[in-house]
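Q: I have a model open in front of me and would like to learn how to read it feature by feature. Could we go through it together?

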Amino acid sequence: MRKTFICSLVILALCTATFARGKDKEKRLKTAEPNPAFDKVVDGVIAREAENEKALRSYTPIVETYIQKMTLDDVVGARPIGDEYFLSRVGYSKVVDDRSMLASMGMSKKMIKEARKKVTHSFGFRPEGFASQAILDSRSFDRAHYEFEFVGREFVGDLRCLMIDVTPKEHSGNGRFIGRIWVEDKDLNIVRFDGTYIPQRRDGLYLHFNTWRLNMQPGIWLPAYIYSEESDLHTGLRKHLRFKAETRLWAYNVGREHEQSTFTQVVVDTNEKVADQSDEKHDQTPIAAQRSWEREAEDNALDRMERGGILAKRGDVDQVLTTVLNNLIITNNLSIDPEVRARVLLTTPVESFAVGHTIVLSRGLLDVLPDEANLAGVLAGELAHIVLGHTIDTKYAFDDRLIFSDEATLRRMQFTRNPLEQAEADKKALEILQNSPYKDKLDSIGLFLRQLQERSTVLTHLVQARIGNPMLLKDNQLRLSPLLAQAPKIEPTKLDQIAALQLGGRIKVDPWNNHIELTKAKPTPVLHTSEKMPLELTPVYPYLTRYGTAPAVQPATAPPTTRPDDAAPAAETPAATPAEPAKPQPEAAKTSSVESTQL
């Protein structure tokens with residue numbers, strides 16, 4: 001009882017200090033001279049914010065939050081000690097309607113988790129709380145509830161912005177934003193805001209966050225990235241938490257574009273105008289028919305994942321992956337029909353899988369691979385399944401099996417391999433690599449695998465595959481594990497040893513239509529061991545532009561849990577705290593020289 005009382009006093013003291021600062025600022029603002037020009041700007045900002053919030057409420061983007069719990073370290077500054085992962089379709093119409101896309105936890109596991117939290121007074125994160133950070137104020141962002149103070153100007157990307165500090169007025173209600181907003185000076189849209197909500201709720205904690213918007217369509221600025229971080233968060237009972245989290249929003253117009261492309265009128269062609277476009281004018285042979293059936297299942301599965309918003313649109317990144325694939329195929333003299341393709345899964349967990357003859361790598365995996373040789377190693381692992389004839393489950397050739405909600409995609413579609421197939425593929429992949437242009441860089445692949453294995457015990461959600469094959473198998477065994485023998489040991493203080501990159505640094509996603517591209521920024525030299533950060537999250541700083549001046553780039557159904565009159569906390573307090581209720585590769589290609597990619 002005494003510990004609970006002390007915890008409540010700490011939170012009350014924090015809230016009192018925040019309000020005290022707010023009162024001082026309010027007095028300062030009241031004594032300031034009237035500024036009609038700034039008042040006009042504020043009125044414009046308020047009007048535009050109402051329009052952007054209205055636009056957001058008409059969409060249901062995919063919202064992904066990845067959290068890394070950190071601790072201080074004498075050698076590298078800070079290192080992860082745990083992680084959490086959420087993936088949902090989120091509606092913003094009236095409340096934050098968070099519909100998880102992940103497999104639900106079984107009742108027994110859920111009961112055990114809740115019991116453990118009560119016993120250990122552990123701290124939990126709420127996915128709807130992170131999703132709420134996309135909204136500045138869900139009720140009334142206006143002069144009646146906020147004070148505005150001009151701070152200065154700065155460029156954010158191509159945009160010249162006004163910086164304005166925003167403070168809620170006294171007695172303005174719960175869940176009000178306090179912090180700074182960046183307003184582009186042409187149309188007065190808020191393009192960035194960072195701060196938190198106050199006052200704190202008794203059933204949860206508001207966290208600090210930094211939200212970025214992109215100009216995805218003319219006149220529409222929608223949230224794309226949210227970075228949250230706490231360096232000393234008091235969670236009750238003398239416990240403190242250090243963490244960093246990144247929330248990404250995408251697939252704003254995916255699915256909707258399919259609806260918009262429906263027929264506006266029915267056109268019936270005469271028989272004379274209709275012709276079969278295929279080259280062959282006869283029935284397929286049994287073997288060709290089997291290949292066609294498998295390809296149909298493959299195409300159906302890929303199309304469903306794309307319409308569900310988790311698979312990127314076809315584009316230039318696929319071609320980069322295909323170039324490396326062709327390097328492996330050519331040098332190993334492989335004959336594959338139909339041709340091998342490559343696609344990108346938009347999620348963070350590191351995983352890969354083959355859907356028939358299409359190899360899929362996750363965005364998170366592509367982000368952290370340090371070089372082209374490591375990319376070749378992952379692709380070889382999946383190419384081996386294709387070479388060995390490990391086919392797709394042709395149930396996906398029946399379209400009725402793909403009629404389900406977008407939220408159910410990861411639960412209804414799985415492309416994992418059994419242990420026997422995986423062992424065979426690993427052996428074949430090593431053979432492919434030994435005959436490839438990357439045979440002299442296998443130690444680099446082994447180094448990446450060693451880094452992944454070293455952090456797999458704490459980054460369990462990062463290495464957990466959601467739809468395909470994990471890099472780390474059961475019993476902490478790695479795919480391509482023989483490469484560990486020739487890999488050097490991890491040396492955190494050796495600045496030129498880069499075993500793995502940070503998350504978010506290679507693939508840029510257009511949140512409107514899910515097109516992707518490789519980043520064009522030059523690598524930043526590592527100057528200190530604390531900057532190596534393998535497999536870690538970092539803050540987000542997208543280069544902002546207006547629509548049309550450059551491509552827009554990045555970087556079980558749950559009931560609504562947000563109150564209509566309050567923002568959702570991103571973290572729940574411990575239970576002890578009082579709570580309120582390849583067609584064959586062309587011969588010319590087989591004899592061509594090996595190409596290199598931009599990785």
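Q: Let's begin with the surface: what area does the chain expose, and what share of it do carbon and sulfur atoms supply?
A: Keep in mind that this is a predicted model. The chain exposes about 28900 Å², and 53% of that comes from carbon and sulfur atoms. As for the interior, 52% of the 599 residues count as buried. The secondary structure comprises 13 helices and 18 strands.

Q: How do I read the interior, and which residues have the most contacts inside the largest nonpolar core?
A: The general idea is that in soluble globular proteins nonpolar side chains tend to be buried together. Here the largest nonpolar core has 88 residues, and Met 305, Leu 383 and Phe 415 have the most contacts inside it. Helix H9, residues 372–387, gives the most to this core, with nine residues. Apart from this core lies another, of 50 residues, including Tyr 92 and Phe 209.

Q: Which residues does Leu 383 touch?
A: Leaving aside residues up to four places away in sequence, Leu 383 touches Leu 325, Leu 328, Ile 329, Leu 334, Ile 336, Val 340, Ile 359 and Ile 432. Two of these partners, Leu 325 and Leu 328, are buried residues of H7.

Q: Now the sheets: what is the strand order in the open sheet of four strands?
A: Strands of a sheet pair through backbone hydrogen bonds, either parallel or antiparallel. In this open sheet the order is E12-E14-E13-E15, and the pairing is mixed. E12 (341–345) and E15 (469–470) each have a single partner strand, so one side of each is left without a neighbour in the sheet. E13 (residues 351–355) and E15 run antiparallel and are joined by two bridges; Ser 352 has Asn 469 as its bridge partner in E15.

Q: Which helices lie across these strands?
A: H7, residues 316–331, lies across E12 and E14, running at about 130° to E12. H9 lies across E13, E14 and E15, at about 145° to E14.

Q: How many residues of H7 are buried?
A: A useful general idea is that an α-helix has 3.6 residues a turn, so residues three or four places apart point the same way. In H7, twelve of the 16 residues are buried, so this helix is largely enclosed by the rest of the structure. Among the buried ones are Val 317, Asp 318, Leu 321 and Asn 327.

Q: What span should H7 have, and how far apart are its end C-alpha atoms?
A: At 1.5 Å a residue, its 16 residues should span 22 Å; the end C-alpha atoms are 23 Å apart, which agrees. Just after H7, Asn 333 takes a positive phi of about 55°.

Definitions and conventions: Residues numbered from 1 in each chain as written. Predicted model: local features only at pLDDT ≥ 70, side-chain atom pairs only at ≥ 80, totals over all residues. Heavy atoms only, no water. Buried < 20%, exposed > 50% of the residue type's maximum accessible area, 1.4 Å probe, protein only. Areas by Shrake-Rupley, 256 points an atom, 1.4 Å probe, with all protein chains shown as cover. Core = buried A, V, L, I, M, F, W, Y, C linked by side-chain atoms within 4.5 Å. Contact = heavy atoms within 4.5 Å. Pairing = 2+ DSSP bridges. Axes fitted to C-alpha atoms, helices over the stretch in contact; angles between N-to-C directions. Expected span 1.5 Å × (residues − 1).
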